[in-house]
Amino acid sequence: MYKSFYSLKRNPFEITPDPSFLFPTRRHNEALASLYYGVRRHKGFVVLTGEVGTGKTLVLRCLLQLFKQNNDVAYAYIFNGRLSPVEFLQYVASDFGLPASGKNKGELLLELGGYVISRAQRKLTTVLVVDEAHHLSADILEEIRLLTNLETAHDKLLQILLVGQPELDDKLDSVGLRQLKQRIALRSRLEPLDANETRGYIERRLQLAGSSSLGHELFPIETIADIYQHSRGIPRLINTICENALIAGYARQARRITPDIIDDIAVDFRLGVVHQLHAEEPKVMGEETDFRLAAKTLLDLVSHLQKPLDELERRQAVTTRASKHEPYI
Ligand SMILES: Nc1ncnc2c1ncn2[C@@H]1O[C@H](COP(=O)(O)OP(=O)(O)OP(=O)(O)O)[C@@H](O)[C@H]1O
Ligand SMILES: [Mg+2]
C-alpha cells in the first residue's frame, strides 16, 4: 500500500531472509567465507553463531544458493533441532533423498555412511547443514560427533555446518561435548551492525526495492541514527522498525520518515533504549539506484568472498603450522 506512495517496486524490509537483499558487511562476508571455505576445503566441522536476528539464516541461504550453482555439492538442511536422535537421522537421510521411514538408528547410520562414502569416491561433496543448532540436544550432538568420524586419512567425507544462537557456543563449551569441540575446524560469529553499517543497510535495501529517491531523502540521517539507537544494529529489528515507519509515514502522508515516527514505533514495540546514540555523522550513500542490483548481489558475492577467503587461507596455514606444536587441549 505504501509502495506506490514511496515509489518502491517491492517491500524493502521484509523480515524473511532473502539472499537477494544481502548487505555484505565485513562480518557477514567473513561468516559466509568461513562456511564456504570449510565446505570447499573439506574442513569437516564448522560453526557459526550470532545473536537473534543478526543474519545467520540469511548467510546460510546465500551459501546454499552458491552450492546450487555447483553440481558437485549435495546438502541436507535441517532447521528443527527439537528432534529425537532417530528422527534427526531420518530427517537427514530423507533430505538427502535416501529411504528413511521405518528404519532404526543403525540402519539409518549405515544408509547415510554408504551414501557419503560413495559420493566421496566420486569426488563429490556432501554437507549437513543445521540451522537453529542451539536447540540440539546433547544426544543429537553426540550423533553428529559420530558422523564426523566419516573420514579417510586425508579427507573429511561429510562436511557439517552448525549455525545457531550464542547458547550453541555454551553447549559446545560444556565438558561433555569437548570431543566435538576439538573437531571444530572453523568458527565465526555474527555481530549486530554498527552505526555506519546500519545506514548502508537501510539505503541498500531501499535501492534494491527500487526506490527512486536517494535513501537519505526518505530516511534522513537523524532518523537513521534513531533507528540504530532503538534497534542496536540488529537487522531484524531494523527491518521491523523501518517497515512500520513506512506504514506510519504513509498514513500521515509524510514524504520523509522523521525521528518522531521512529520513536512512536519504538514505544509500540517496547524497544528499550540500550545504546547511546553514536555521535558520528553517517555519510551520504552513492547514487546507485539500479533495481538490477538485487539480481547482481549473488554474483557479487563470489568476488566479495575472495578477500575473506584469502585471509582464511592465510590464517589456516598459520594455525596448521602452530597446531603441530600444540599440546592436547
Ligand atoms: N547482512 C544483511 N543484509 C541484508 N539483510 C540482512 C542482513 N543480516 C540480516 N538481515 C535480515 O535480517 C532479518 C533477520 O535475519 P535472519 O533471519 O537471518 O537472522 P538469524 O540470525 O537467523 O535470527 P534467529 O537467531 O532468530 O534465527 C532477515 O530479514 C534478514 O534478511
Ligand atoms: Mg535464523
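Here is a walk through this structure, from the overall chain to the sheet, one of its helices and the ligand.

Keep in mind from the start that this is a predicted model. The chain has 329 residues, of which 38% count as buried. Its secondary structure comprises 14 helices and five strands. If you like to think in contact maps, take the contacts between residues at least 6 apart in sequence: 77% of them join residues at least 24 apart.

Let us turn to the strands. They form an open sheet of five, in the order S2-S3-S4-S1-S5, and the pairing is parallel. Why do S2 and S5 each have one side without a neighbour in the sheet? Both S2 and strand S5 (186-190) stand at the edges with a single partner strand each, so one side of each is left free of a neighbouring strand. On average, and with direction ignored, neighbouring strands of this sheet are turned by 15° against each other.

The S2 edge is a good place to zoom in. S2 runs parallel to S3, and six bridges join the two. For a landmark in your viewer, pick Tyr77, which stands opposite Val129 in S3.

Across this pair of strands, S2 and S3, lies helix H4, running at about 145° to S2. H4 spans residues 85-95, and its buried residues are Phe88, Leu89, Gln90, Val92 and Ala93. A helix has a simple rhythm that helps in reading such a list: with 3.6 residues a turn, residues three or four places apart in an α-helix point the same way. What covers the buried residues of H4? The cover includes strand S2 (73-78) and strand S3 (125-130), along with helix H5 (105-121) and helix H6 (138-147). After H4 comes Gly97, which has a positive phi, near 85°.

Finally, let us visit ligand 1. There are 21 residues around ligand 1, and those that come nearest are Phe23, Gly55, Lys56, Thr57 and Pro235. Two helices, H3 (56-68) and H12 (235-251), each supply at least two residues of this shell. Which domains does the shell draw on? At least three residues come from domain 1 (2-22 + 193-294), and at least three from domain 2 (26-192). Sorted by class, the shell around ligand 1 holds 10 polar residues, eight nonpolar ones and three charged ones.

How values were computed. Residues numbered from 1 in each chain as written. Chains lettered and ligands numbered in written order. Predicted model: local features only at pLDDT ≥ 70, side-chain atom pairs only at ≥ 80, totals over all residues. Near = placed C-beta within 6 Å. Helix = DSSP H or I, 4+ residues; strand = E, 2+ residues; numbered from the N terminus. Nonpolar A, V, L, I, M, F, W, Y, C, P; charged D, E, K, R; others polar. Domains from an automatic or database assignment. Buried ≥ 20, exposed ≤ 12 C-beta atoms within 10 Å, placed from the backbone. Contact = placed C-beta atoms within 7 Å. Pairing = 2+ DSSP bridges. Axes fitted to C-alpha atoms, helices over the stretch in contact; angles between N-to-C directions.
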